[in-house]
Amino acid sequence: MNIKTSYANVPQWKSVTVKSKMPKALQKLDELANNMWWTWNSDAYSLFHDINDKAFRKSSKNVVDMLSMLSYEELNALSSNQEFLSRMDAVYDHFRQYMDVKPDSNRPSVAYFCMEYGLYHFMKIYSGGLGILAGDYLKQASDSNVDMVAVGLLYRYGYFTQELAMDGSQIAKYEAQDFDRLPLHKVYDEEGKQMIIDLPFPGYTLYARVWRIDVGRIKLFLLDTDFEMNSEFDRQITHTLYGGDWENRLKQEFLLGIGGMAVLERLGIKRDIYHCNEGHAALCNVQRLVDYIKQGLQFDEALELVRASSLYTVHTPVPAGHDYFDEGLFGKYMGAYPAQLGISWEEFMGLGRMNPEDKNERFCMSLFLCNTCQEVNGVSWLHGKVSQKMFNGVWKGYFPEENHVGYVTNGVHLPTWAAREWKTFYEKTFGKDFYQDMSNPTIWEKIYEVPDEEIWNLRIALKQKLVNYIRERFRESWLKNQGDPSRVVSLLDKINPNALLIGFGRRFATYKRAHLLFTDLERLKKIVNNVDYPVQFIFAGKAHPHDGAGQGLIKRIYEISRMPEFLGKVLILENYDMELGRRLISGVDIWMNTPTRPQEASGTSGEKALMNGLLNLSVLDGWWLEGYREGAGWALTEKRTYDNQSFQDQLDASTIYNLLEREIIPLYYQRNSNGISSGWIRAIKNSIAQIAPHYTMKRQLDDYYDKFYCKEAKRFHLLSADNNAKAKELTAWKQEVVRVWNDIKVTSFEILDEITHGPVTSGKDYDITVKIDEQGLDDAIGVELVVLTSNEKGEDVLYKVFPFKVVGREGNVFTFKFNDSIDDAGSFKVAYRFFPKHQLLAHRQDFCYVTWFNRSL
């Protein structure tokens, strides 16, 4: 027997996290660290920062992780530091006073569903604007003390970390999150184990763990599938945000909607309103329908209750941006649901189609929500108009201007996005209680009483802070990726806090037009190389890993930034996240936004910027169309001059150059004897006083209550009272209308030949009489004259709708009369329509039956 000289088997390594035991005197820190409230409370932030500023930065400000890094000796030293303990007690007492207030019972309760939440940069469960808006919404819901619960997904890798290669190519890196080192709470079941829900997948069961993040007073429940009870294939469902193929996307949306409702059911949570923030959460309404039907309701009755308590917020301005699923793929996961709903597969598919009978149409989550939500809204006034047109085919018989799609313009959570220096300034100028009344313009007018020097010095300090941050954060990566160390040092030295700094930070999608500034490099070269009036541009943003055009934009700007004439004058910063965003929107002077109109649904980065004394230079699109005030920023018109986008881009670029050369740069450098531009400060004061109060998240939250939540909750409680009596009554009436609709006839139509054959005289009253046999519906029909005109493009648009009045009845035949005039001269089109009416209907599109008729009927 030969004896081997060595042997070793393969070790089975297991990760073990070793944490220092928290002394009893410091246990309040644990509670504070595990609630996101500290991220927007300045005193709590400073408390954690001052424990160990190096560990604070090393942990990316994740204070749960930071506390676990502290040595036993450091913790013991803190626990005997009376000054620190006094600060901790003061912060904790403030936190408990905040947390112990009961929710406002006078406002409807809400369950909020979203695919992503931007709470803080170290919580990688967001990609961009949608998630950051959702995170801000939860924070304001907490500050406003409303009864809200939220549902989302917990991603192992989240969205990618961006690096730029030496040639400017984007590198997407996915870095796993360690859930044990995040402010996450396991949700436990009745047996004291982490709650796991099971969901029906085709031929097997999917399992999801339930977690919770405390966002102040608001509980955000998150689901993840990355654990051993699932196959490797299904563990990947919650690996990346917006990652994988369309099947994985459907699985994610199944998990969010149907899984999210299962979590609320397990926890016994019921809410007045269910708010779907984008179409990803649409399937929650499928589960809600199933739940009502299990209680003994018919499908149509269940639909009345689900619709009455559902709101859909759309953030996408183009149809191509919505989620569509092929029928075969959709049927693989949803095929069992029609039987549970008591409808056919074709009827189910029809709920997600613009044309329900068209079998070539794929299932669209957004259209399904339009059909199962009483209310739909866009996220700015203009986006509301765009959405009316985009969804108009769902409600045939009405013009876009008539449908019920509304809007709430997005806002931002000021305590999150205002730099601590600005928050201190606001508290001193407006009073500490101003956070409770942030949307009151009168309070903000006090900015005019502040000396110019104070605001100028605050802005200069924050510009220097940004420059220091860039030099510290990017030195190492630039040395690694840009080759020549001397070039990097030169670049860092050229960043000038005394220059006019112009920032551009957002997703690098082509419609955002990041390239616009570089249309004329010769002209740009003169602007940035003026030694008397220095100007520097700072760009940041990620392109989706599958967006080659967006990545090409990044690479092109990177190449320009390395040209000798632009080195240090045009910067592009990698890995645009909430942390970098906070620095940019508080540290530059101008925030530039150049979207292709009208494709910016809202945009909020400019709102964040103005809270920090920045001025906006933007296309009049999204929120800026409403927000712009002369003397408080600069605007490119919302109107297109050219249909050819290339020509329009050239014109807009020229406009930007002209504004910079003739207005912006001269104003910034027009200094008085104190070295201050009083004109620039006047513009800042105008921006803060006249614009800021209208774009807070408090105003947004209040708008949702005033426009949607309250009226929906009132109607829902009316329909659901007395064992859903009114819902059943309304359903029975609708069914009867459908049964007789095709038999409803116009029996008489009396109209002057002058109206039919013309000419009609403007300003002259005319009489029209119509008789309709309602087939026993008992005054359930309305009649209207619809008048169209043409816009500047020659398109038909609604001019006016004239209602007829009921003036008589003989059995089932009702007489309707019109007496009015068309006041304007011109060319018009006229037609007549009748429609069903009932006092329980929320609006016309709630029961969208329309019959058009004319004199020949």
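# Notebook: salt bridges, cores and sheets

**Entry 1, salt bridges.** I began with a search of the whole structure, which turned up 50 salt bridges. A reminder to myself: this is a predicted model.

I looked up a few of the pairs. R87 and D50 join their side chains in a salt bridge, N to O at 3.1 Å. This pair ties distant parts of the chain together, as R87 belongs to helix α6 (residues 82-99) and D50 to helix α2 (residues 42-51), 37 residues apart. Are the two partners buried or exposed? R87 counts as partly exposed, because its relative accessibility is 32% and the partly exposed class runs between 20% and 50%. D50 counts as partly exposed too, with 43% relative accessibility.

Next I went to R57, whose side chain meets that of E472 in a salt bridge (3.5 Å, N to O). Here the sequence separation is 415 residues: R57 is in helix α3 (residues 53-58), while E472 is in helix α20 (residues 452-481). For R57 I noted 43% relative accessibility, so R57 counts as partly exposed. E472 has a relative accessible area of 54%, so E472 is exposed.

I stayed with helix α20 for a third pair. The side chains of E454 and K428 form a salt bridge at 2.4 Å, N to O. E454 sits in helix α20 and K428 in helix α18 (residues 420-430), 26 residues apart, and the pair again links distant parts of the chain. E454 is partly exposed at 27% relative accessibility, whereas K428 is exposed, with a relative accessible area of 58%.

Which residues are linked in a network of salt bridges? I found E304, R307, R715, K734 and D846 linked in this way.

**Entry 2, P23.** I then turned to the start of the chain, where P23 lies in the segment before α1 (27-33). Is P23 buried or exposed? P23 is buried, because its relative accessible area is 16% and buried means under 20%. I checked its surroundings as well: leaving out residues up to four places away in sequence, P23 touches L75, N76 and S79. From P23 to L75 the C-alpha to C-alpha distance is 7.0 Å, although the two are 52 residues apart in sequence.

**Entry 3, the cores.** In soluble globular proteins, nonpolar side chains tend to be buried together. With that in mind I looked for nonpolar cores, and the largest has 175 residues. Those with the most contacts inside this core are F48, Y117, M148, I213, F330 and F348. Which helix gives the most to this core? I found that helix α29 (residues 697-740) does, with 14 residues.

I followed F348 further and listed its contacts, again not counting residues up to four places away in sequence. F348 touches V286, F330, M334, Y337, P338, L341, I343, F363 and F368. Another core lies apart from the largest one; this other core has 105 residues, and I132, W444, I557 and M578 are among them.

**Entry 4, strand β1 and its neighbours.** In a regular strand the side chains alternate between the two faces of the sheet. I therefore checked both faces of strand β1 (residues 110-113), and both are covered: V110 and Y112 are buried on one side, A111 and F113 on the other.

β1 runs parallel to strand β2 (residues 148-153), and four bridges join them. Within that pairing V110 stands opposite M148 in β2, and M148 is one of the residues with the most contacts in the largest core. Between β1 and β2 the chain passes through helix α7 (residues 129-143), and I noted that this β-α-β crossover is right-handed. Four bridges also join β1 to strand β9 (residues 273-277), and these strands run parallel. A111 has Y274 in β9 as its bridge partner.

**Entry 5, an antiparallel sheet.** My last stop was an open sheet of four strands, in the order β21-β22-β26-β25, with antiparallel pairing. Which are its edge strands? They are β21 (745-751) and β25 (805-810), each of which pairs on one side only. Neighbouring strands of this sheet are turned by 20° against each other on average, direction ignored.

I also looked at the pairing of strand β22 (residues 766-773) with strand β26 (residues 813-820): eight bridges join these antiparallel strands. V770 has F816 in β26 as its bridge partner.

Note on methods. Residues are numbered from 1 along each chain as its sequence is written. This is a predicted model: local features need pLDDT of at least 70, side-chain atom pairs count only at pLDDT 80 or more; totals for chains, interfaces and linings use all residues. Side-chain values use heavy atoms; hydrogens and water are left out. A salt bridge is a side-chain nitrogen of Lys or Arg within 4 Å of a carboxyl oxygen of Asp or Glu. Buried means under 20% relative accessible area, exposed over 50%, partly exposed in between (1.4 Å probe, protein chains only). Contact means heavy atoms within 4.5 Å. Two strands pair if DSSP finds at least two bridges between them. Axes are lines fitted to C-alpha atoms, for helices over the stretch in contact, and angles run from 0 to 180 degrees between N-to-C directions. A nonpolar core is a set of buried Ala, Val, Leu, Ile, Met, Phe, Trp, Tyr and Cys residues joined through side-chain atoms within 4.5 Å. A crossover is right-handed if, with the strands pointing away from the viewer, the path from the first strand over the helix to the second runs clockwise.
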